[in-house]
Every structure is written in C-alpha cells, then in structure tokens.
Amino acid sequence: MIVKREKLNFWERLYLPALVGGFKVTLRHFFSKKITMQYPEEKWVVPPGYRGAPYLVKDQENRTKCVSCQLCEFVCPPKAIRITPPGPAGTPDAGNVEKGPKEFEINMLRCIFCGFCQEVCPEEAIFLMKDYSLTGTNRKEMIYNKEKLLSLGGIHQDKIHKWQHKADEARAQENFPVKEI
Ligand code: SF4
Ligand code: SF4
C-alpha cells in the first residue's frame, strides 16, 4: 500500500512556526522546578521493602550464618548462585555451627532481585539489601565471591540466636531428664 504524502502549506515549509513552538517548550521547562536527579552526586532513597542486591550476613559473633544447605542455589530462577560445599569433613572448629560454604558466588549480572533466595533460606543468612548501584569494568568483576558478599552484608542483628539455643539444649540434655522450658 502506498500512502500519499501530504503537501506542506507555505507556513509549514518555512519551519519557523515549529521552531518557535519548540523554543516555547524549552523556555517553559527552563524556568520550572527541576525534576531530574543529579546522579551519582544525588542518590535515590529507596522505599522500605525495596529489593536490591542479595548479600550474605554474619551473626553477632561474627560467624557466617550460611550452613551451605544449597536451597537458595536450587531455587534461584536464573541460576545466579553457585555454592561449593565444604565436603564431608565440614568445619569442626567453627564453634557450634555445623558447616559453612567453601565458596559462595552470586553472578550479579544474572540476578533478577526476585528474593527467592532470602525467602527459602532457613538460616536467615542471605538478604536482599537496598543496594541498586552495582558496577564493574568487566563480567568477572560482577561475580561476587563469599568474602565480598559477607563484607557487603555485614552483621545481622537477629533476635533468634539459633546457635546459642542449640548449645543450651545440648547442655540441658547432658543432665537428663531434660530441663523443662
Ligand atoms: S534474588 Fe533471585 S535471582 Fe538473585 S540470587 Fe536470589 S534467587 Fe537468584
Ligand atoms: S544462604 Fe541460606 S539457603 Fe543459601 S545455602 Fe546458605 S543457608 Fe542455605
């Protein structure tokens, strides 16, 4: 189908009315309130509940909370998580904690910030933080390893103290019958 081109009238061929109209719009915005943000000097304040990058957290005793159960790796839709378990030997010198991951990597280029890893984690060891500004100069830099994830996640002030309860329960069982709580 051939669409016939409309003929421009005299004023339209001059382009002056269109130029004047364009300048009017520019001038109107020039004196109005600025709504653009000067990023990165100005940072966006994320709303509560915002789901940013997932990082690993430590407990109050500075221990890695992750016990390498690999549930998050299994559930992650884009397969962004890769965990290397410690193996059958585990890490017996890590206090009362069963075991931790030998390596834990998240490919931030793959992550879709869905939050499934946080939802599924039985240890509350991984949290989606408010970080949305992830940059790197190459693809390899965007694969965050365990050290980086832990340093970004920091200490989690949880109220559960799971490993403390486990130690208390174990001590209570030594003095059978078990102390009633
Ligand atoms: S937020 Fe979603 S995509 Fe990202 S690592 Fe967790 S489960 Fe995977
Ligand atoms: S982060 Fe949580 S779900 Fe993932 S391996 Fe560690 S303990 Fe399991």
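Buried means under 20% relative accessible area, exposed means over 50%, and partly exposed lies in between, with a 1.4 Å probe and protein chains only. Keep that at hand for these exercises.

This is a predicted model, in which local features need pLDDT of at least 70 and side-chain atom pairs count only at pLDDT 80 or more, while totals for chains, interfaces and linings use all residues. Residues are numbered from 1 along each chain as its sequence is written, chains are lettered from A and ligands numbered from 1 in the order in which they are written, and side-chain values use heavy atoms, leaving out hydrogens and water.

**Exercise 1. Sort Trp-44 and Tyr-50 by exposure, then describe their ring pair.**

Step 1. Trp-44 has a relative accessible area of 41%, so Trp-44 is partly exposed. Tyr-50, at 22%, is partly exposed as well.

Step 2. Rings of Phe, Tyr and Trp (its six-membered ring) pair if their centres lie within 6.5 Å; planes under 30 degrees apart are stacked, over 60 edge-to-face, and the rest tilted. The whole structure holds six aromatic pairs. In one of them, the centres of Phe-10 and Trp-11 are 5.9 Å apart and the planes stand at 70°, so this pair is edge-to-face.

Step 3. Trp-44 and Tyr-50 are also edge-to-face, with 5.4 Å from centre to centre and 85° between the planes. Together with Tyr-132, Trp-44 and Tyr-50 form one aromatic cluster.

**Exercise 2. Trace the pairing of strand S3.**

Step 1. Helices (H or I, at least four residues) and strands (E, at least two) are DSSP runs, numbered from the N terminus. The chain has six helices and five strands.

Step 2. Two strands pair if DSSP finds at least two bridges between them. S2 (residues 81-84) and S3 (residues 103-107) are antiparallel over four bridges; here Arg-82 has Glu-105 in S3 as its bridge partner.

Step 3. S3 also pairs with S5 (residues 143-144), antiparallel over two bridges. Asn-107 finds its bridge partner in S5, namely Ile-143.

**Exercise 3. Describe the shell of ligand 1 by residue class.**

Step 1. A residue is near a molecule if one of its heavy atoms lies within 4 Å of it. Those surrounding ligand 1 include Pro-54, Cys-76, Ile-81, Phe-113 and Gly-115.

Step 2. Ala, Val, Leu, Ile, Met, Phe, Trp, Tyr, Cys and Pro count as nonpolar, Asp, Glu, Lys and Arg as charged, and the others, Gly among them, as polar. The shell then has 11 nonpolar residues, one polar and no charged ones.
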